[in-house]
Amino acid sequence: MEESDIKPWYKQFWPWFLICIPVSSFIVGGIVISFATDGTNSLVVDDYYKEGKSINARLDKVEAARALNISTQLKISDELISVEFLTGAPESKEALRLDFFHVTQEDKDFQVLLLADASGIYRAEASASIKGKWRLRLTPLDEHWKVQKTITLPTYTAISFNP
């Protein structure tokens, strides 16, 4: 081979391949550092005491429902949602809120306001067909007790909904 047949180093593949490895490491490292220093979606809680009190407050609401001996049956069809109290029904017949939290898609979360009819059954219209796995939370409007459960819909039987 003559000297004129040899390409300069910058026109060959291997030097650029070897240069790309550390350069790509610096780029990925920079991205990881930017994610680590951006505190908008932090999983670490700054105020442990406040978070602990919040958890206890949520547990107190479930305990309040147990103390009131609340036991309900939930029925969800394509057009109607109903909650029937078996025990522990609110005497005031105040409205209840039923929150639907989709387990994977937050934008699908919604709530319905349940109103008591003359027979004491709380009802609301279902706005659309509800399918998938949901976390449900039933509370009065003042939220002094709470009943929650995870279910998969559609279901065509009554669901026991107890604290």
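# Exercises on a predicted eight-stranded model

Among the elements of the protein, the lowest mean pLDDT, 74, belongs to helix H2 (residues 48–67), and the highest, 93, belongs to strand S5 (residues 122–125). Here pLDDT is the predictor's confidence in each residue, from 0 to 100, while helices (H or I, at least four residues) and strands (E, at least two) are DSSP runs, numbered from the N terminus. The model is predicted, so that local features need pLDDT of at least 70 and side-chain atom pairs count only at pLDDT 80 or more, whereas totals for chains, interfaces and linings use all residues. Residues are numbered from 1 along each chain as its sequence is written, and side-chain values use heavy atoms, with hydrogens and water left out.

## Exercise 1: The protein as a whole

State how many helices and strands the protein has, and in which order they run.

Solution. The protein has two helices and eight strands. Read from the N terminus on, the order is α-α-β-β-β-β-β-β-β-β. For the confidence of the whole, the average pLDDT is 85, and 86% of the residues score at least 70. Of the 163 residues, 25% are buried, where buried means under 20% relative accessible area, exposed over 50%, and partly exposed in between (1.4 Å probe, protein chains only).

## Exercise 2: The sheet

Find the order of the strands in the sheet, and explain why one side of S7 and of S8 is left without a neighbour.

Solution. The eight strands form an open sheet in the order S7-S6-S3-S4-S5-S2-S1-S8, with antiparallel pairing; two strands pair if DSSP finds at least two bridges between them. S7 and strand S8 (159–161) stand at the edges and each has a single partner strand, so one side of each is left without a neighbour in the sheet. Neighbouring strands of this sheet are turned by 25° against each other on average, direction ignored, the axes being lines fitted to C-alpha atoms, for helices over the stretch in contact, with angles that run from 0 to 180 degrees between N-to-C directions.

The pairs can now be taken in turn. Strand S1 (residues 71–76) and S2 are antiparallel and share six bridges, Leu 74 stands opposite Val 83 in S2, and a hairpin of three residues joins S1 to S2. S1 also pairs with S8 in the antiparallel sense, over three bridges, with Thr 72 opposite Phe 161 in S8. Strand S4 (residues 110–116) is joined to S5 by two bridges, and the bridge partner of Leu 115 in S5 is Arg 123. Seven bridges join S6 to S7, again antiparallel, and there Lys 133 has Thr 152 in S7 as its bridge partner.

## Exercise 3: A residue within a strand

Decide whether Ser 82 is buried or exposed, and list its contacts.

Solution. Ser 82 lies in strand S2 (residues 80–87). Its relative accessible area is 9%, so Ser 82 is buried. Leaving aside neighbours within four places in sequence, Ser 82 is in contact (heavy atoms within 4.5 Å) with Gln 73, Leu 74, Lys 75, Ile 121, Tyr 122 and Arg 123.

## Exercise 4: The loop between S6 and S7

Describe the surroundings of His 144, and then the backbone of Glu 143.

Solution. His 144 sits in the loop between strand S6 (132–140) and strand S7 (147–153), and with a relative accessible area of 39% His 144 is partly exposed. Not counting residues up to four places away in sequence, His 144 touches Lys 61, Ala 64, Leu 68 and Glu 94. The C-alpha atoms of His 144 and Ala 65 are separated by 8.4 Å, although these residues are 79 residues apart along the chain. The side chains of His 144 and Asp 142 are joined by a polar contact of 2.6 Å, a term for a pair of N or O atoms within 3.5 Å, of which, within protein, one must be able to donate a hydrogen and the other to accept it, and residues adjacent in sequence count only if both atoms are side-chain atoms.

Glu 143 lies in this loop between S6 and S7 as well, and its phi is near 55°, a positive value in a residue other than glycine. With a relative accessible area of 29%, Glu 143 is partly exposed.
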